[in-house]
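Trainee: Take me closely through one part of this model. I want to know what surrounds it and how the neighbours are arranged.

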Amino acid sequence: MTAGWLRAVAVVLGVAALFAIPRVTGNEYVLALGVSFATFAVLSGGLNLVYGYTGLLSFAQVGFFGIGGYTAALLVTERGWSLWAGAAAGGVLAALVGLVVGYSSLRLSRHAFAIVSLSFALLCLIVARDWVSLTRGAMGIPGLPIPSMDLPGGLRWRLAQPADFYYLLMGFAVVAQAAIYLVVSSRLGRAMRAIKWNEPLAQSQGINPLSYKLLAIALSALLAGIVGGFFVFYLTIVDPSIFDFYYTETMLIMVIIGGPGSFWSVLAASAVLSALPDLLRFTTDLRMVLYGAVLIAAMLFFPGGVGGWLRRRRMRRWRRSGLAAR
Amino acid sequence: MTALLEVRGLTKRYLGLTAVDDVSLEVEAGAVLGLIGPNGSGKSTIVDCISGFQPANAGRWLLDGHELTGLPPHRIARAGLTRTFQAVRAYDELTLLQNLCVAAQESDGVGWLQALGRGSRLRRAEAGAEARGRDLLATVGLSEYAEAPAAILSYGQRKLLAIAASMMARPRLVVLDEPVAGVNPTMIRRIEQAIHKLNTEGVTLVIVEHNVDFIMSLCRRVIVLDAGRKIAEGPPALIRSDPGVLAAYLGQTRAAQLGPGLR
């Protein structure tokens, strides 16, 4: 009970601190780091749901991210939709595509899903580049307008300053993390982990693996699509590089270093690894070398990620408790 | 009296090999049926087929008159036929109690949105599962481990946990696939007592085993398989002296030398 209260207070203070940052500093560099953290936290949180909790290695997240970005950009510029509606539509479309990708491949095996998800991400890149009449090809859609959004209460919010996008993306990141936490801490999350650890056992207990896998994929795709819609308006451009492997690589590293299946550890890893390449900027030459060294050290000392290390420690304490079988 | 489980003409072929050849069997409600036979006689294949883990080539099976033929494993489990596995399976990182609650969560009628909303229906269902879980842990003698992760259990204790988990959703019939294979004699006694207790509480069981003494003490009716066919069926005493059964286990000549007096 007390531990739960302490955690709740810590979360409220943490969120309050994040929202206070733009008031303390108008430093655009700090705000850019915050936007990057918020975006990656949504992407890695979704990947953690699919890979860490449900056990499905997925390369498709970046595809959902880009689909959300393109959908929002096209609907706002060509159809005059608001950014709210455009991003929501992008999220819904991404979720539907996710269901198709998942349903078609998961009926075979989880390995088939990994391969299909990778092909899907590459296919997204090709479509964005070559379907010129829709996506304008390699040029992309530059000069996305400054969006304004209707707020409850009849106010209009014009997102003209970097701080505005900081608030938007950080706010959505909090909503997305809350949604993911709600699922993984419920018994739906328990069933997902059961499927990851031992699928036949779960099946023998009446759990339908396919429906839980599709739930995880659809939710992660929805969140990735929405954040993609917001993110391209922050960049003011969407082009095929939104499907770049860089995003996949970064969110995979965040989940693996954080520890697949550990909510808080992956969130913490997202924060640290969003900032790390920039913290290492004091030495431009060795920056990426040091980044690589940190990743290798993390894998050496925390093979199951930080979350896995914490879990193993807890397990060792149980083993020593005297209750363990002799 | 109609049978609780009825299997008719079950056949399973792997390429050229017929692992299960036109096997029919019935299990009465409240019974403990033993399924024995030498290695490769098709016992585990029958379990995998009727629990939906392997598609059968022919045959039908019904639980209390409801067709289970061709259903996927989770639908068969929800229909009331659960099973354990030869290689013990448990969720290592979950506590024993959570291991059991997972096994009940698909059968309590609480939907996804209710589970996310954490309302009173969910709380009542989970509290009910926990109470049943504690009862079952007491039955199999693992109460002191209720809050410990399953990873710390010994092999035999994991077998007991698996049996308890298979009972969580109040199934009509439970199939235990080799519940005492590789378990030490003391633990075999404990597993035997647990199964006996569960049966007296009304659970119908099918037990697949190599350990003939174990089967003989628990079952009033035994089916013997050899090379995918049913070669004998009856009470243990009769099975023990059946010449066909002796031949299957010992080979024709040796069985003839020993005669029907063999134990």
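Mentor: A residue is buried if 20 or more other C-beta atoms, placed from the backbone, lie within 10 Å of its own, partly exposed below that, and exposed at 12 or fewer. Ala88(A) is buried on that count, with 20 other C-beta atoms within 10 Å.

The model is predicted, so local features need pLDDT of at least 70 and side-chain atom pairs 80 or more, while totals for chains, interfaces and linings use all residues. Residues are numbered from 1 along each chain as written, with chains lettered from A and ligands numbered from 1 in written order.

Let us take helix 11 of chain A, residues 245-258. Helices here are DSSP runs (H or I, at least four residues; strands are E, at least two), numbered from the N terminus. Helix 11 of chain A has 14 residues. From first C-alpha to last, this helix reaches 20 Å, close to the 20 Å expected (1.5 Å times one less than the number of residues). Gly259(A) follows helix 11 of chain A, and its phi is positive, near 115°.

Now the cover. In helix 11 of chain A the buried residues are Tyr247(A), Thr248(A), Thr250(A), Met251(A), Met254(A), Val255(A), Ile256(A), Ile257(A) and Gly258(A). They pack against helix 2 (28-53), helix 3, helix 5 (110-130), helix 12 (263-279), helix 13 (287-301) and helix 14 (305-319) of chain A. Contact means that C-beta atoms lie within 7 Å.

Start with helix 3 of chain A, residues 61-79. Its axis and that of helix 11 of chain A are 9 Å apart, at an angle of about 125°. That makes the pair oblique (under 35 degrees is roughly parallel, over 145 roughly antiparallel, 65 to 115 roughly perpendicular, the rest oblique). The axes are lines fitted to C-alpha atoms over the stretch in contact, with angles from 0 to 180 degrees between N-to-C directions. The crossing of helix 3 and helix 11 of chain A is right-handed. Helix 3 of chain A brings Gln61(A), Val62(A) and Phe65(A). Helix 11 of chain A answers with Tyr247(A), Thr248(A) and Met251(A). By class, this contact has four nonpolar, two polar and no charged residues. (Ala, Val, Leu, Ile, Met, Phe, Trp, Tyr, Cys and Pro are nonpolar, Asp, Glu, Lys and Arg charged, the others polar.)

Next, helix 13 of chain A. It has 15 residues and reaches 21 Å, close to the 21 Å expected at 1.5 Å a residue. The number of its residues that are buried is zero, so helix 13 of chain A lies largely in the open.

Then helix 5 of chain A, which packs with helix 4 of chain A at about 145°, axes 8 Å apart. This crossing is right-handed too. Val101(A), Gly102(A), Ser105(A) and Leu106(A) of helix 4 of chain A meet Ala112(A), Phe113(A), Val116(A), Ser117(A) and Phe120(A) of helix 5 of chain A. Six of these residues are nonpolar, three are polar and none is charged. Helix 4 of chain A (residues 83-106) also holds Ala88(A). Ala88(A) sits 9.4 Å from Thr71(A), C-alpha to C-alpha, with their places 17 residues apart in sequence.

Look also at what leads into our helix. Pro240(A) lies in the loop between helix 10 (209-235) and helix 11 of chain A. It counts as buried, with 20 C-beta neighbours inside 10 Å. Leu125(A) is 115 residues away from Pro240(A) in sequence, yet 5.8 Å away in space, C-alpha to C-alpha. Leaving aside neighbours within four places in sequence, Pro240(A) is in contact with Leu125(A), Ala128(A), Arg129(A), Ala138(A) and Gly140(A).

Finally, a link to chain B. Helix 8 of chain A (residues 187-197) is mostly covered, with nine of its 11 residues buried. Those nine include Arg187(A), Arg190(A), Arg193(A) and Lys196(A). The buried residues of helix 8 of chain A pack against helix 2, helix 7 (162-184), helix 9 (199-204) and helix 10 of chain A, and also against helix 3 and helix 4 of chain B. Overall, 33 residues of chain B are in contact with 25 residues of chain A. On the chain B side, helix 2 of chain B gives the most, with four residues. That side divides into 18 nonpolar, eight polar and seven charged residues.

Conventions
Left-handed = near helix turned anticlockwise from the far one by under 90°. Contact = placed C-beta atoms within 7 Å.
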